[in-house]
Amino acid sequence: ASLLGQTTLSGQVDDTNVGPLRRGREYVTNTGFTVPANRTLTIEPGVVIKFARSRQVSVIGKLVGAGTAAEPIVFTSINDQSVGSKTGTGTPARGDWLRMIFGGRTGSSLQFAEVRYAGSNNRAGIACQDSDLTLRRVVVRDCGSDGIRVLRRCGQPLNSRVVSEQW
């Protein structure tokens, strides 16, 4: 399916500021972004978010990403042209972007999502720090380091998998 358009994300991003992130759109971040405390960012099915080198999303508030089997949410490198538009070099690599980091007990969740080519600077693709993050049917692949890392207490990632890791 073709995407409807591209939007740049930076700074603080939530449902009242920039979001929700709408079905079938592509979002690019050259600077990374934060979901601030006491705010929610909703991501609809089929959204593609592409990250520039060494950038991340920091979730201090609540992120709710509910993809579907037919329309997963994809977090990937700016260089990944297998989804979305022709951005970057077209040659994604392990560790192209930093990570998704979740902190706080806010009820964040991801369902039917993929995290690709994250993990630069020896970081995990998804980091969980004192969070009640729930992952369901999330694929983390081609990371430069660990796929998922629990830094301190975390929720229970269920029905998710990490593939194509370096050991």
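The following paragraphs describe the strands, the buried interior, the aromatic contacts and several local backbone features of a predicted model.

The chain has 167 residues, of which 47% count as buried. Its secondary structure consists of 15 strands and zero helices. Among contacts between residues at least 6 apart in sequence, 54% join residues at least 24 apart. The accessible surface of the chain comes to about 7,600 Å², and carbon and sulfur atoms account for 45% of this area.

Six of the strands form an open sheet with parallel pairing, in the order β2-β4-β7-β10-β12-β14. The edges of this sheet are β2 and β14 (148–150), each of which pairs on one side only. In general, the strands of a sheet pair through backbone hydrogen bonds, in either a parallel or an antiparallel arrangement. At the β2 edge, β2 and β4 pair in the parallel sense over two bridges, and Gly 11 stands opposite Phe 33 in β4. The next pairing in the order, between β4 and β7, is also parallel and runs over three bridges. Here Phe 33 stands opposite Val 57 in β7. Strand β7 in turn pairs with β10 in the parallel sense over four bridges, with Ser 58 opposite Ile 101 in β10.

Strand β7 (residues 56–59) is covered on both faces. Gln 56 and Ser 58 lie on one side of the strand and Val 57 and Val 59 on the other, and all four residues are buried. Two of these residues also appear in the register of the sheet: Val 57 is opposite Phe 33, and Ser 58 is opposite Ile 101.

The structure holds two aromatic pairs. In one, Phe 33 and Phe 51 are stacked, with a distance of 6.2 Å centre to centre and 15 degrees between the planes. This pair links distant parts of the chain, as Phe 33 belongs to strand β4 (residues 33–35) and Phe 51 to strand β6 (residues 48–51), 18 residues apart. Both Phe 33 and Phe 51 are buried. In the other pair, Phe 51 and Trp 97 are stacked at 4.0 Å centre to centre, with 5 degrees between the planes. This pair likewise links distant parts of the chain: Phe 51 in strand β6 is 46 residues apart from Trp 97, which is found in the loop between β9 (73–77) and β10 (99–104). Phe 51 has a relative accessible area of 0% and is therefore buried. Trp 97 also has a relative accessible area of 0%, so this residue too counts as buried. Together, Phe 33, Phe 51 and Trp 97 form one aromatic cluster.

The largest nonpolar core comprises 30 residues. Within this core, Ile 43, Ile 49, Phe 75, Met 100, Leu 110 and Ile 126 touch the most other members. The surroundings of Ile 126 were examined further, leaving out residues up to four places away in sequence. Ile 126 touches Met 100, Phe 102, Val 115, Leu 133, Leu 135, Val 138, Val 140, Gly 147, Ile 148 and Arg 149. Of these, Met 100 is itself among the core residues that touch the most other members.

The loop between β9 and β10 also contains Asn 79. This residue counts as buried because its relative accessibility is 14%, below the 20% cut-off. The side chain of Asn 79 reaches the backbone nitrogen of Thr 89 at 2.9 Å. Apart from neighbours within four places in sequence, Asn 79 is in contact with Thr 87, Gly 88, Thr 89, Gly 90, Thr 91, Pro 92 and Asp 96.

Three local backbone features were noted at Pro 20, Asn 121 and Arg 137. The peptide bond from Gly 19 to Pro 20 is cis, with omega near 0 degrees. Pro 20 is found in the loop between β2 (11–12) and β3 (26–29). Asn 121 is not a glycine, yet has a positive phi of about 55 degrees. Its position is in the loop between β11 (109–116) and β12 (126–131). Asn 121 counts as exposed because its relative accessibility is 56%, over the 50% cut-off. Arg 137, also not a glycine, has a positive phi of about 55 degrees. Arg 137 lies in strand β13 (residues 134–141).

Conventions:
Residues are numbered from 1 along each chain as its sequence is written. This is a predicted model: local features need pLDDT of at least 70, side-chain atom pairs count only at pLDDT 80 or more; totals for chains, interfaces and linings use all residues. Side-chain values use heavy atoms; hydrogens and water are left out. Buried means under 20% relative accessible area, exposed over 50%, partly exposed in between (1.4 Å probe, protein chains only). Rings of Phe, Tyr and Trp (its six-membered ring) pair if their centres lie within 6.5 Å; planes under 30 degrees apart count as stacked, over 60 as edge-to-face and the rest as tilted. A nonpolar core is a set of buried Ala, Val, Leu, Ile, Met, Phe, Trp, Tyr and Cys residues joined through side-chain atoms within 4.5 Å. Contact means heavy atoms within 4.5 Å. A polar contact is a pair of N or O atoms within 3.5 Å; within protein, one must be able to donate a hydrogen and the other to accept it, and residues adjacent in sequence count only if both atoms are side-chain atoms. Accessible areas come from the Shrake-Rupley method with a 1.4 Å probe; for residues, only the protein chains shown count as cover. Two strands pair if DSSP finds at least two bridges between them.
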